[in-house]
Structure formats: structure tokens, C-alpha cells
Amino acid sequence: MELLAVENLRVYYQTLRGDVKAVDGVTFSMSPGEIMGLAGESGCGKSTLGRSLVLLKPPMKYVGGKVLLKGTPLPIWDKKTMASFRFSEVSLIPQYALSALNPTRKVKKLLTDILWSKGIKFSQIFPELRRRMELVELPLEVLNMYPFELSGGMKQRMVMVLSTLLNPSLLIADEVTSALDVSTQKAVARMLVEFRDRKFVGAIIVITHDISLLYQIADSIFVMYAGKLMERGSTEDLIQRPKHPYTQLLVASLPRIGARYAQEKLQGIPGCPPSLLEPPQGCRFRTRCPRTWEKCLEEPPLVTTKDGDLTWQVACWLAVDKHA
Amino acid sequence: MWRYLGRKFTIYVLTFFLAVTIDWVIPRFMPGNPVQTMLSRAALRAEAVEVMRGYYLKAFGLDVPIWQQYLNFWKAVFRGDLGISVYLFPKPVMKVIAEAIPYTLAILVPAILLSWLAGNKFGAFAARRKWLDSTLLPLGYFLTATPYMWLGILLAWGFGVALGWFPIAGGYSFAMTPHFSWKFVLDLLWHWFLPFASLFLVMFGGWAIGMRNMIIYELEADYAQYLESLGAPRRLIRNYAFHNALLPQITGLALQMGTIAAGAVVTETVFSYPGIGSLIVQAIQNQDYFLIQGCFLFIIIGVLLANFLVDIAYLIVDPRTRRGMLGET
Ligand SMILES: Nc1ncnc2c1ncn2[C@@H]1O[C@H](COP(=O)(O)OP(=O)(O)O)[C@@H](O)[C@H]1O
Ligand code: SF4
Ligand SMILES: [Mg+2]
């Protein structure tokens, strides 16, 4: 059975100038143990998609769609009911992990307070906590320190341990490596895989700019553009044989595996993403797509092909015609 | 932590030195000559004037070179001898001030502490209630923006003159002589209330507004968002936010100390309350060097002392200063 199924999810931001359609009809699913990379240019709605599965609050607005976690509906539109799912079922390593810990509480006090609110005693979970801290090479003294006494890497790892402490079914890791130096990045990426292998987490969505990071750790990649899914497939296929023009350009614009395209401003793709206030009709990539044609004025359907266990999804008229 | 305290202490000593020097300089550069004023008041014959002038100059230590006067001033400060009041001659300045200080402390200390506590509590409380927030905000801004004098006059007029509930002048009724009895204590309290209330209200508005804004800021901070995404209850997040929002409020208290002292002077004057504030005004009107100096000296000491206490309090509540890593985060 699928661990996570998201169907036609729409999450907008309410602003004075109108709705920002940051996630606009997204459908995908994940298997147990899967690490899915969520890639795309900055501002395409990756964080919004990730956050909406954990904490959907104003100015975010639930517009429509369904989310099933292990077959049961996840009431993401209901902030109150969701509280009991957070941490224990769905958990988040936020983009701002380096400032995520209250600066005026010792780490242990912070953990105690949060766990208490879930009805768990610190002493009860301490043995497991100690094992995990050892695993990520955090000395136990960290518990008696204040967050400002920890290095960036230590804070990042502490947040990782905390976010996964209750073995959530789904973990969302938002740009966990972007604020770190290269060697720490590698270590943190390895830890994510390790956490999955040890079943601390059911599945992970890794949100990142860094496709090369995904190449190392992700089982599948989800390419997003302007609030919509462009292509979804296994890591190997997607990087070696991308079908969607956007993915092709993304992959081609990587000078070599190991470079971070975000820093290079996507030289390979001229133009910039459309406004999400008034997104263009039809295919949203149409304004920049080198292969656009009149058909693209209509919204392309999501073409799904099953290849054994793996599904491949592409939202492009070119893919439709090949099947027709 | 000790380095932090040491650094602070040095700053306090330097500030004290500078402030006292300025305190000594200012009355000497004020226009007019107090001895001349006293002499003309006495309306004596010409030769008697010269004798009296010599006597007064000597009595006030004004017959030596100015640098000597400065040194003598420092010596006297450390001896606790602030000279003789010109205006209340021959009462020692120290004695005049000692009589006024209890009144000033009696309105200032409770007004500062209570307004800080109540203002912060109320601001935090209001931040989570829409209707309260929308009424508190304008009211709070109105209160903080009100000059101390204005609110004092308003209260004196409303509760003193119009309603006649409270007296509008003095520390106790003129008909009474100070003694210890319930009647006299009640009379003191009755006179104390309006000056206290007007100080309290202006400060209360400021703290409430400050806290309300800080809480809203803290609730948007990353750690609050993270707690929320971990399903932490609203109460825990608010507790953290309240605690963190208090820190800048403590700093604010230190920064406000000077303004508060000035507010006390004005308030005492409005209510003719016999504290240091009223004394200063009288001393200035009568060009009483020594009394002016004495009053300012006490204000300087009071403000510095209060600041020091606030620093200690900050040290206790903020781990970042306690661990001597201020500014490194
Ligand atoms: N609080 C907000 N209010 C209005 N618009 C927002 C807000 N946060 C993000 N957006 C918009 O939503 C879009 C998606 O943002 P985000 O999900 O953060 O993108 P990504 O994580 O892919 O960089 C962007 O166009 C951004 O401008
Ligand atoms: S649908 Fe058309 S515009 Fe969109 S990616 Fe495919 S070819 Fe390009
Ligand atoms: Mg993001």
C-alpha cells in the first residue's frame, strides 16, 4: 500500500493582491521507505507543498485536494485536529533549522517541554534519544547547552533528531543542507538515508535546490514548476532520460554532477518563472519552453506510465502525443 | 559573566564621574548670582552688604579659585556633605534632600515596578484577544504619548477639582503634623494616590504596547513556528514567547530610567508633592546652587543604581549574557 497519496492538492496564499497559487493541483504518491526529492527553481512552491502537509495556517489557504497517510485521510485543512498528527505522524525539519530552537531554553528543557505536551516523559525516551544522538555524533553535553552555544551543524543535527524522535510516518526535510558547508552537507545527507534505513521515519520528502544531492540519496524525484508537477520518476531515469522539456533543461544546465544550479542562476533556461498570482493558461512552462506549440495553450494532462513498481508521471503535450 | 559585570561597572563609574562634573558645572554657568539675590532680599545698608557678602561667599566656599571649588566639591561629595542650602539657609542640603527622598521613592518605586509588571501582563494578555487588542492599542498609544504633566493635570482636575475625591497638593494635609497614626498614614496615602496614579498610567501604557508588539513579533519567530509544526500546544509557545519578549522590556526599563526621573519631577510639581522633583523646581527658582547640585546628584545616583539593578536582572534571565557570549549569536 502507498504510504502517502496526495490527490489534486491546492494550497494558495491569501494576499491583498489576490491568491498566490503556490500549489495548484498536485498529485503524487510515495511508497513506504521512499526518499523523494522535490526539486525546482526558487519560489515554485516546494516549501509550500511540504509545509502544507504539516502546518497549514494563514496566509496559507487550503483550496482543495485529498491527502491519505497510510490509507487514512490527513485533515490538513483542520489546524486543530492536525496537532495530534504533527511530530508523531508527520514531521518537519524546517528550512530555518539553524534558528528553530528557542534561544533562551537549554536543549534538554526544550525537549522536555515539547515531549510533555505529547504526554511523554523525557526520562522515558532518553535511552532512545541517547542512541540517536550517538548516531549523529552529537555529544550528550549538548542537552545542557543553549542553542546559541551550538555550531550550525550541531543545531541542524539536533533538529533532525528532535523532528524524528517519535518515528513519524512522513518526514519533510526542507533545504536541510543549504545553510551548511560542504562536508557537513554530506554528513547530513547520509544521516537522512540512515534514518530511513533504520526506520526512524516511514518516508522522506527532501526539498532542495541541489539536484546532485538528490542524485546521491533520493529514490525518486519530483520536479515542480510554478505550483505544478512537471515530471516525476525514479532518480536514475529522470536524470539520465528526462522526458519533460523543463527537466531536460534543468539537467542539461547542470555543468556536472556536484554543482548547485541554484547558485548559477539557471543559465541554461532563459526567462523567469510566471507570476503565481495570474499564472498563464495552459502549460505553465509555455513562456520559457523551447518546444512550445499551439496545443500548449491547453493544460497538458498528467501522463502516467507504470514500469514495474515505478510510476513515471509527465505533464507535457509531447508525452501525450508519443502515446497517442 | 564576571567580565561582563566588570565592564558594566567601569561604565557606571565613568558615567558617574562625568555626570557629577556636569552637575557641578551647570549651576555655575547659570545666569544670576545667588548671593546677590539673598543680599538684595535682605535690603541692607551699603557697608552691611559688603560684610554680608564676604560672610556668605566664605560660608558657601565661593571665595576660592574655581578649580579648588571643583576639588572641594568632590571631597564633599565623598564626605556626604553637600553644603548649605541658600534658599533654606542655614539648613544643610543633605537634610533637605533626606526629607524629600521618601516622598519621591514612595511614588516612583511602586509606579515603576507595578506598571512594568501590570503593563507586561496586560500587553501579553491583550495580544491574544482581538477585541482587547483593538481597544488597548489606541488607549495604550494615547497613554504613552501623553506627557506626564498633561496626564497629571488631567487627573488633578478630574479627581481633585471636579470630583473632589483626592487632594491636589501636598504630601499630607496642612492641618496635620507628621506623626504615626492610622489617620495620618491614611492621609499620606490619600495624597499619594494621584501622583502615583499619573506616573503609573503613562508608564503602564508604554509597557503594555511594547509587550503586545514584542509578543506578536516573537510568535512569528522561527522557534515558535517550529514548535507549532511539532504540534506543541498554544500555551507552551506563548510561554516561550512571553519569556523572550520580556528581555527587551527589561532593557527598555533601563533605557527609560532617565525619562521616568524627568516624569517624576514634572508630576511632583503638578501635585506640589514634596519630593525631590518639587525641590529641584524651587531650588532653580531661587538659584540655590547647592540644592540644585544635591538634587541632581541624587537623581544621578538613583538612575545609575536602578540601571545597575536592571542589568543584574537581565543577567539572571538571559542565558546569552550569563554565558558571556553576548552578540555572538
Ligand atoms: N507568506 C506568503 N504570502 C504570500 N505569498 C507567499 C508567502 N510565502 C510564499 N509565497 C509565495 O508562494 C510561492 C511559493 O513559495 P515557496 O513555497 O516558499 O517556494 P520554494 O520553497 O519553492 O522556494 C512564491 O511565489 C512565494 O512568493
Ligand atoms: S506542454 Fe508544451 S509548453 Fe509545456 S513543456 Fe510540454 S512542450 Fe513545453
Ligand atoms: Mg523553500
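In this predicted model, the largest pocket has a volume of about 810 Å³. Its lining is made up of 33 residues, and those closest to its centre are B:Val109, B:Ile112, B:Met257, B:Gly302 and B:Ala306. Four helices of chain B each give two or more residues to this lining: H5 (93-127), H10 (234-270), H11 (276-285) and H12 (289-317). The most comes from H12(B), with twelve residues. By class, 28 residues of the lining are nonpolar, four are polar and one is charged.

The second largest pocket holds about 640 Å³ of space. Of its 23 lining residues, A:Lys79, B:Leu219, B:Glu228, B:Arg234 and B:Arg238 are the closest to the centre. Here both chains take part: helix H2 (79-82) of chain A gives two or more residues to the lining, as do H6 (130-145), H8 (182-219), H9 (222-229) and H10 of chain B. In this lining, 13 residues are charged, eight are nonpolar and two are polar.

Ligand 2 sits in the largest cavity. Around ligand 2 are A:His244, A:Pro245, A:Cys283, A:Arg286, A:Cys289, A:Arg291, A:Thr292, A:Cys296, A:Cys316, A:Trp317 and A:Leu318.

The table sets out the residue classes for the three sites.

| Site | Nonpolar | Polar | Charged |
|---|---|---|---|
| Lining of the largest pocket | 28 residues | four residues | one residue |
| Lining of the second largest pocket | eight residues | two residues | 13 residues |
| Shell around ligand 2 | seven residues | two residues | two residues |

Notes. Residues are numbered from 1 along each chain as its sequence is written. Chains are lettered from A and ligands numbered from 1 in the order in which they are written. This is a predicted model: local features need pLDDT of at least 70, side-chain atom pairs count only at pLDDT 80 or more; totals for chains, interfaces and linings use all residues. Side-chain values use heavy atoms; hydrogens and water are left out. A residue is near a molecule or strand if one of its heavy atoms lies within 4 Å of it. On a 1 Å grid over the protein atoms alone, a cavity is a set of points where a 1.4 Å probe fits but cannot get out, and a pocket is an open set with protein on both sides within 12 Å along at least five of seven lines; lining residues have an atom within 4 Å of a point. A molecule sits in a cavity or pocket if more than half of its atoms lie within 2 Å of its grid points. Ala, Val, Leu, Ile, Met, Phe, Trp, Tyr, Cys and Pro count as nonpolar, Asp, Glu, Lys and Arg as charged, and the others, Gly among them, as polar. Grid points are joined across faces, edges and corners, and a volume is the space filled by probe spheres set on the points.
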